Amino acid sequence: MSAGTLTGLCPECETDLTTPPMVQGETIACPECMLTLRVEEVVEGKLTFQMVEVQLRDWGQ
Ligand SMILES: [Zn+2]
């Protein structure tokens, strides 16, 4: 068991991600699909990610 890194799966492109230690609520950008992912849960070194919906701002014109 290696301490210091966490692993998870991108819910969008299913890329295996290895990350430095993260806590629930932190976000990371997937290097493959560039989606922003938020840590939902950390269980025994395994991360569960949730896609973050980027809210586009309506600037009007
Ligand atoms: Zn991805």
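Visitor: Which residue in the turn of the hairpin formed by strand 1 and strand 2 has a positive phi?

Guide: In this predicted model, strand 1 (residues 6-9) pairs with strand 2 in the antiparallel sense over four bridges. Six residues lie between the two strands of this hairpin. The turn residue with a positive phi, of about 60°, is E14.

Visitor: Which residue in strand 2 does L9 stand opposite?

Guide: L9 falls within strand 1, which spans residues 6-9. Strand 2 covers 16-19. The residue of strand 2 opposite L9 is D16.

Visitor: Do strand 1 and strand 5 run parallel or antiparallel?

Guide: Strands of a sheet pair through backbone hydrogen bonds, in either of two senses. Strand 1 is joined to strand 5 by two bridges, and T7 stands opposite K46 in strand 5. The sense in which strand 1 and strand 5 run is parallel.

Visitor: What is the bridge partner of V39 in strand 5?

Guide: V39 belongs to strand 4, residues 36-43. Strand 4 pairs with strand 5 (residues 46-51) in the antiparallel sense over six bridges. The partner of V39 in strand 5 is F49.

Visitor: Which are the edge strands of the sheet?

Guide: The open sheet has five strands in the order 2-1-5-4-3, with mixed pairing. An edge strand here pairs on one side only. The two edge strands are strand 2 (16-19) and strand 3 (27-29).

Visitor: What does the twist average from one strand to the next?

Guide: The strands concerned are those of the open sheet, ordered 2-1-5-4-3. From one strand to the next, the twist averages 40°.

Technical notes:
Residues are numbered from 1 along each chain as its sequence is written. This is a predicted model: local features need pLDDT of at least 70, side-chain atom pairs count only at pLDDT 80 or more; totals for chains, interfaces and linings use all residues. Two strands pair if DSSP finds at least two bridges between them. Axes are lines fitted to C-alpha atoms, for helices over the stretch in contact, and angles run from 0 to 180 degrees between N-to-C directions.
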